[in-house]
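I opened the model today to look up how its strands pair. My notes follow in the order I checked things.

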Amino acid sequence: VQLQASGGGLVQAGESLRLSCAASGSISSIDDMAWYRQAPGKQRELVAVITSDGTTSYADSVKDRFTISRDNAKKTVYLQMGGLKPEDTAVYSCNARIQTWVSFRYRDYWGQGTLVTVSS
């Protein structure tokens with residue numbers, strides 16, 4: 001199982017960016033999918049999570065600016081980021097709780113990080 005993240009980059013404050021993370025491999029089911037971020041010198045924090053039935057929750061710092069969504073057919077989770085601020089600068093990583101055809105047990109998988117830099 002692999003999670004491939006994409007969409008990071010350099011933007012100006014106030015602009016928007018969309019991150020994508022696609023899961024591939026011997027997947028039988030995907031439960032929660034989430035985005036985390038880690039800014040330089042800070043601990044990793046949960047940004048947003050979406051359950052298998054589409055229920056979402058957000059960190060207070062991004063509420064009303066970011067939107068998480070998923071396409072179950074494509075096994076992909078998205079993070080639409082709007083009104084970006086310099087403090088949103090971080091490495092963003094996707095996470096998914098996945099059941100495989102091999103083990104039939106759910107476990108967490110991580111994608112590689114994608115850097116988002118917001119200039120003021």
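Which residue in β8 is the bridge partner of Thr67? I looked it up, and it is Gln80. I keep in mind that this is a predicted model.

Next I took the strands around that bridge. I find β7 paired with β8, residues 76-81, in the antiparallel sense. I count 6 bridges for that pair.

Then I traced the sheet. I get an open sheet of 4 strands, ordered β1-β3-β8-β7, with antiparallel pairing. The edges are held by β1 (2-6) and β7 (66-71). Each has a single partner strand, so one side of each lacks a neighbour in the sheet. I also checked the turn between neighbouring strands of this sheet: on average 15°, direction ignored.

I note the general rule that strands of a sheet pair through backbone hydrogen bonds.

I moved on to β4, which spans residues 27-38. How many bridges join β4 to β9? I read 9, and the two strands run antiparallel. Strand β9 covers residues 90-100. Within this pair, I matched Trp35 to its bridge partner Cys94 in β9.

I then checked β4 against β5, residues 45-50. This pairing is antiparallel too, over 5 bridges. Here I matched Arg37 with Glu45 in β5.

Last, I looked at the hairpin of β4 and β5. I find 6 residues between the strands. Which residue there takes a positive phi? I noted Gly41, with phi near 75°.

Methods: Residues numbered from 1 in each chain as written. Predicted model: local features only at pLDDT ≥ 70, side-chain atom pairs only at ≥ 80, totals over all residues. Heavy atoms only, no water. Pairing = 2+ DSSP bridges. Axes fitted to C-alpha atoms, helices over the stretch in contact; angles between N-to-C directions.
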